[in-house]
Amino acid sequence: MTEDRILTDRNEGNAAKRAATQLQPAILPEVPEHPADACCPTPPTHQAPRSTPSRVAFQGQSLLGDAPSAVGPVPRLNTRLTAQDRWGGLKVRLGLGRNRYAVAPGLYAVGHPDQQAPVLVTANYKLSIDTLRQDLVDLDAWLLVLDTNGVNVWCAAGKGTFATEQLIHRLNVCKLDQVVTHRRLVLPQLGASGVAGHEIRRRTGFRVIWGPIRARDLMAFLQNPQRVDPSMRRVSFTLKERITLIPVEIGAALKPTAWAVGAALAIALLPGLAGRGTFEAVLRCMLLGSVAAGIGIISGTVLTPILLPWLPGKAFALKGASLGLATAALCHMALYPTMSAGLGMAMALITIATSSFFAMNFTGATPFTSPSGVEKEMRIAIPMQAVTLVIGTIGWLQAIWAG
């Protein structure tokens, strides 16, 4: 995976960047602007960070007053999440408002930090900050929050917003050299692909220390940063972690699918009204088409994440297609065994194409993929998915017309 010791000089910093690049982004906090953005490719170097449309301010019990510092009072964050924090996190995990779930960048405090307290660097995605601060109970520390446009550390490093220039800018704006007397910054290891530690040290005097993968390991890491357990450097993707992502995948799938199914049903009325079948037969065929698409969504967004390690092939589109074929076969036997062979084939093709497409979308939420690999898979899979869906839809419309 990555080096098991703290990376500080130029060669070690480059090794960390290569290791983090191989891990690839995890949960995507915003819908990609372009189809090829599924795994957060790095934008052109001249591209300036976008302004986040709105900030979610820490309010009420999330703040515990201010912490004194050499440059003035610094907001102190509560390490216990409030009901409002948890409600906001739940909505984001359901895919609601996740493009705007950001806080103002700057310097924050937890506990009662002094000039020797550690400085932890993170992104201004509120879910990331909430996850971090609730694991810092009984710790006195400064949190330096970079403006990543509300994107988590891993994806922001790939997009170029959790980056060297942004960190240098924030160090200067917050006058951190006056807040602390030491010159150490603890950065999350998943941000290594965006930050050049040697450049930070050369231009600011601060030394970058690469922290653990998970926030819950920070306390143990800070107690003995010279002896890091290998598990702190290793990305996991357990069944529980995969299930956590399912609501986001469902939320992202429902809206476009609802529009597509609605448009298909409206179009299907034309051959239905002009065809030879009865109203009941037409209605039944239309309903079967909706069921086939719904089964494909469940297969691609729910079953694929759960069964991911055991599905055949490396390409997610292939994993989703194979699972879609299996679910289509089971549904054909269980739900509609009396339908004609032609209609059954059409329903199966719709389910397979839908399952394959949404399983492929899951690439942006896993540590199994690389940006170049995803782009290559999409170039091959999307035309095949489109052809499969068109053939299935034509067969479905023909069945509607025939009644």
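D138 is exposed (over 50% relative accessible area, with a 1.4 Å probe and protein chains only), its own relative accessible area being 77%. This residue belongs to the loop between α3 (126-133) and β5 (141-146), where helices (H or I, at least four residues) and strands (E, at least two) are DSSP runs, numbered from the N terminus. The model is predicted, so that local features need pLDDT of at least 70 and side-chain atom pairs count only at pLDDT 80 or more, whereas totals for chains, interfaces and linings use all residues. Residues are numbered from 1 along each chain as its sequence is written, and side-chain values use heavy atoms, with hydrogens and water left out.

The backbone of D138 has a phi near 70°, a positive value in a residue other than glycine. Most residues other than glycine have a negative phi. A positive phi, of about 60°, is also found at N149, again not a glycine. N149 lies in the loop between β5 and α4 (153-159). In contrast to the exposed D138, N149 is buried (under 20% relative accessible area), at 6%. A further positive phi, of about 90°, is taken by G205 just after α7. Within helix α7 itself (residues 197-204), the buried residues are G197, H198, E199 and I200.

At the level of the whole chain, the secondary structure comprises 13 helices and seven strands. Of the 403 residues in the chain, 49% are buried. Contacts (heavy atoms within 4.5 Å) between residues at least 6 apart in sequence join residues at least 24 apart in 74% of cases.

Polar side chains take part in contacts around the end of β5 and the loop that follows. N124, in the loop between β4 (119-123) and α3, is buried with a relative accessible area of 0%. Its side chain makes a polar contact of 3.0 Å with the side chain of T148. A polar contact is a pair of N or O atoms within 3.5 Å; within protein, one must be able to donate a hydrogen and the other to accept it, and residues adjacent in sequence count only if both atoms are side-chain atoms. T148 is also 8.5 Å from Q166, C-alpha to C-alpha, the two residues being 18 apart in sequence. Q166 is part of helix α5 (residues 164-173) and is buried at 12% relative accessibility. When residues up to four places away in sequence are not counted, Q166 touches L146, D147 and T161. A polar atom of the Q166 side chain lies 3.3 Å from the backbone nitrogen of D147.

Helix α12 (residues 341-361) contains S356, and S355 is found in this helix as well. S355 is buried, with a relative accessible area of 0%, and S356 is buried at 6%. Leaving aside neighbours within four places in sequence, S355 is in contact with G296, S299, G300, G320, L323 and G324. The side chains of S355 and S299 are joined by a polar contact of 2.8 Å. A317 is 38 residues from S355 in sequence and 8.2 Å from it in space, C-alpha to C-alpha. With the corresponding neighbours left aside, S356 is in contact with A317, G320, A321 and Q385.

Three aromatic pairs are present in the structure. The ring centres of F357 and F358 are 5.3 Å apart and the ring planes lie at 80°, so this pair is edge-to-face. Rings of Phe, Tyr and Trp (its six-membered ring) pair if their centres lie within 6.5 Å, and planes under 30 degrees apart count as stacked, over 60 as edge-to-face and the rest as tilted. F357 is partly exposed (between the buried and exposed limits of 20% and 50%), at 34% relative accessibility, while F358 is buried at 9%.

Two packed helices are described by the angle between their axes and the distance between the axes. The axes of helix α9 (residues 239-274) and helix α13 (residues 371-402) come within 7 Å and cross at roughly 35°. Axes are lines fitted to C-alpha atoms, for helices over the stretch in contact, and angles run from 0 to 180 degrees between N-to-C directions. The crossing of α9 with α13 is right-handed, that is, the near helix is turned clockwise from the far one by less than a right angle. On the α9 side A264, L265, A268, P271, G272 and A274 meet W396, L397, I400 and W401 of α13. By class, this contact of α9 with α13 has nine nonpolar, one polar and no charged residues. Ala, Val, Leu, Ile, Met, Phe, Trp, Tyr, Cys and Pro count as nonpolar, Asp, Glu, Lys and Arg as charged, and the others, Gly among them, as polar.
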